[in-house]
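Reader: I am in my first year and would like a close look at a single part of this structure, the place where the two chains meet. Could you take me through it slowly and explain each term as it comes up?

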Protein chains: 2
Amino acid sequence: MAQPIPTGALAGFPELLPEEQVAFDRLRDAIRGVYERFGFLPVETSAVERPAVLFAKEGGETSRQVYRISGHEDEMALRFDHTVPLARYVVEHSGELVFPFRRYAIGRVYRGERSQKGRFREFYQCDVDVIGDGALDLAHDADVLAVVSAAFDAMAVGDIVVRVSNRKILAGLVEFAGLTQRGGELFRIVDQLDKVGEQGVRASLEEGLGDGSAVDLILRAVSIKGAPAEAIGRLRALGVESSTFEAGVAELEAVTRLAVELGVPAERVVVDVSIARGLDYYTGTVYETNLTRHPELGSVCSGGRYDDLAAAYGSRSYPGVGVSIGLSRLFAQLREAGLLQLGAKTPTKVLVVPLLDDKSAPLAVAATLRDAGIPTEVYLEAKKAKSMFAYADRLGIPLVAAVGEAEAAAGTCTLKRLDTGAQEEVPLVDLVGHVRAALGWG
Amino acid sequence: MAQPIPTGALAGFPELLPEEQVAFDRLRDAIRGVYERFGFLPVETSAVERPAVLFAKEGGETSRQVYRISGHEDEMALRFDHTVPLARYVVEHSGELVFPFRRYAIGRVYRGERSQKGRFREFYQCDVDVIGDGALDLAHDADVLAVVSAAFDAMAVGDIVVRVSNRKILAGLVEFAGLTQRGGELFRIVDQLDKVGEQGVRASLEEGLGDGSAVDLILRAVSIKGAPAEAIGRLRALGVESSTFEAGVAELEAVTRLAVELGVPAERVVVDVSIARGLDYYTGTVYETNLTRHPELGSVCSGGRYDDLAAAYGSRSYPGVGVSIGLSRLFAQLREAGLLQLGAKTPTKVLVVPLLDDKSAPLAVAATLRDAGIPTEVYLEAKKAKSMFAYADRLGIPLVAAVGEAEAAAGTCTLKRLDTGAQEEVPLVDLVGHVRAALGWG
């Protein structure tokens, strides 16, 4: 006998039950609504790209595990983020786009990670980016911070802090300490602060640089964390003589101030100089976002400013700034931590229950409700009334409209609230109004 | 010098400009809204499945060009439809689902077709299916027809006809003519009617069956097309003595009647016995949908009833009925035929234009509007006012809120309608009301 076909989802490919999907979609819709409220345009590129595009930036496959598609005329692979396809898109369509180009992308990306807890191979990223043609005002960095703040408000998953820094601050420190040729390495070491602690970072720095004053200075800088005005004062008090450092501090000061002017609650905006973001990609503002009451979940939304989106294509310069919400990971973490409001299990608000053989009258009831925009199902199986009510109960459908011989003859239905058990016979012409009232709709 | 990296989308992988994406999203949202209004639950399975799952039904790779993912521990491939993953999902989660299980799936599927005009390799399918546990009432077939009708209404892409038949009608004819062992072949021959015409089908049938009365009977049956009552009368008048045939006619009669009772305009429901649908999969009702004024576009939504979704898994029987809207193809066809209303190029309704250096006041204007749910951007580049208005004009943003020194000092902004050129100075406290009125929002 043939082996049974496995029906479980592949490891690393998250699969949701319908009620979880409803909750997931609610978060995704909330993010999309905010991205549109901030005037970002949707661009949905293919999940499939040429490998040459995916590896354009890094010149190799080393840092990302890319899924390649085999056996076809064209070389193809699955995208691992939305930024690399955006670069291709902007170069391809630059003549047709209006700059500054504000685009959002909400979709799945793929990484051939070794399967382990919390690591997904297919997951949603929800990105916004603003791309300039040759130049892009610093104020966009504040606007992007404001989008993040509004998106988390809309998701209603608890308060957040956005931790902000500027890569020029660390770069200026590196210059000032005469360590320019070790710059990239330093960023990667500092980026480990959360994981290895100050002692770990000190050890790594001393291993590379000796135990001179440079290490002390860098550690003092990256320990600065707090409200913008105070943190920026402490940064300036370090006495670092570097125009790069000064530019970084000035940008950080402006971005945090403008964000508050854009309506971000001041307590959500925190300076944290330890944010290095390992990627060489970022050149200015960098952000990470934490849930205030659940810092253990790590950064749930990160991003920053880059000098040139399309450097790999050697074309015009396209500076940009953007962030990405890792929605699949956020959702899984919230669910695991019991922080997810699952809410309604179905969009359905009314279950029409036929208590007679001829389904004409119940179907007409459903048509009336659906025409009025009220999500409605008809229970169509030949089951006992008890089974029909159990169906509504299991799915959390709030209202049942029962139609028996008497109701069909009278042109009515019996509308029942499943929460209170209250019921009343309602003429069809009044049904929509009664249902809307029962649902608490305006 | 290295070869430049190609930036065009891969052939067969459609890529949209932002204004096209806005129009595409509007259609997709319309479909989703209707699917939810009919009480279907969202289920989004992975784009990646085990090859064993994808080939479970057909036992081979012959009929579908599947994209396989190479070089990883697990064997993986990209889904070619939503139905095969649904079968796996239902078997895997049967204990956690509520039956009849109504699910919708809107997402991209992949087929390694030879690249040619109108053939996509990555495209959206928008599916609804109702799955029973062991049994499923025939009335669901009418409900699915009603979903299709409502979805096309919501998309507002012109009137449709849904052509309906029932596979048992042809199967009964085949029985009656004593040709049971040729049944599958007959379905495939009849399915070619649109392409090769009656003469072509007659030739194919005669080649297989000789020129006896069976061929005449089959051709008379498949030429029956029209309003349900009349078409069903003609079917019965054929005098076919077969219980399968009679069951098919009775089901067709019931489904077309119930659909009208569910609110589908009667003129949209047409019987067309020539709909065979090549797939062996379908066992009862079959549907195809055409745009009334553009029959040349072919069927834009098809589906039908099947006896057992999960036959390949040899588990319980899960009869179902469903349809799929081929949205990418529909969108491309509408666009090519000039039938697409592109509408707004951006969600943005107000562009805030700072006419002063200090951006505090303009940013506060944007925050006020966004808080009120009004999609708003701020023009943040240091450009002349003319460039800022040109930006609004190119994107079709209807309103500009200009803030200069005078407005900042007075706590106002100058609100301008770009269609009429009318403008007025509005205090910030009244701004939301003025903007809502100018947009015609309640």
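Author: What follows is a walk through the interface, and then through the sheets and pairs that belong with it.

This is a predicted model, in which local features need pLDDT of at least 70 and side-chain atom pairs count only at pLDDT 80 or more, while totals for chains, interfaces and linings use all residues. Residues are numbered from 1 along each chain as its sequence is written, chains are lettered from A and ligands numbered from 1 in the order in which they are written, and side-chain values use heavy atoms, with hydrogens and water left out.

Counting contact as heavy atoms within 4.5 Å, 102 residues of chain B are in contact with 101 residues of chain A. The size of an interface is often given as the accessible area lost when the parts come together. Here chain B and chain A bury about 8700 Å², with 56% of it on carbon and sulfur atoms, where buried area is the accessible area (1.4 Å probe) that two parts lose on being put together, summed over both. On the side of chain B, Leu10(B), Glu44(B) and Arg370(B) lose the most area to chain A, together 8% of what that side buries.

Arg370(B) also takes part in a salt bridge with Asp143(A), at 2.8 Å from N to O; the term stands for a side-chain nitrogen of Lys or Arg within 4 Å of a carboxyl oxygen of Asp or Glu. Across the interface of chain B and chain A the rule finds 15 salt bridges, and the structure holds 59 over all chains. Arg32(A) and Asp29(B) form another salt bridge, at 2.7 Å from N to O, and this pair crosses from helix α1 (residues 18-37) of chain A to helix α1 of chain B. Helices (H or I, at least four residues) and strands (E, at least two) are DSSP runs, numbered from the N terminus.

Helix α1 (residues 18-37) of chain B gives the most to the side of chain B that touches chain A, with nine residues. By class, that side has 52 nonpolar, 17 polar and 33 charged residues, where Ala, Val, Leu, Ile, Met, Phe, Trp, Tyr, Cys and Pro count as nonpolar, Asp, Glu, Lys and Arg as charged, and the others, Gly among them, as polar.

The chains are also joined through their strands, which pair if DSSP finds at least two bridges between them. Strand β3 (residues 68-70) of chain A and strand β3 (residues 68-70) of chain B run antiparallel and are joined by three bridges, with Ser70(A) standing opposite Arg68(B). These strands belong to an open sheet of six strands with antiparallel pairing, in the order β2(A)-β4(A)-β3(A)-β3(B)-β4(B)-β2(B). At its edges stand β2 (48-49) of chain A and β2 (48-49) of chain B, each with a single partner strand, so one side of each is left without a neighbour in the sheet.

Chain B also has an open sheet of nine strands with mixed pairing, in the order β1-β5-β6-β12-β11-β10-β7-β9-β8. Its edge strands are β1 (41-42) and β8 (225-226) of chain B, each pairing on one side only.
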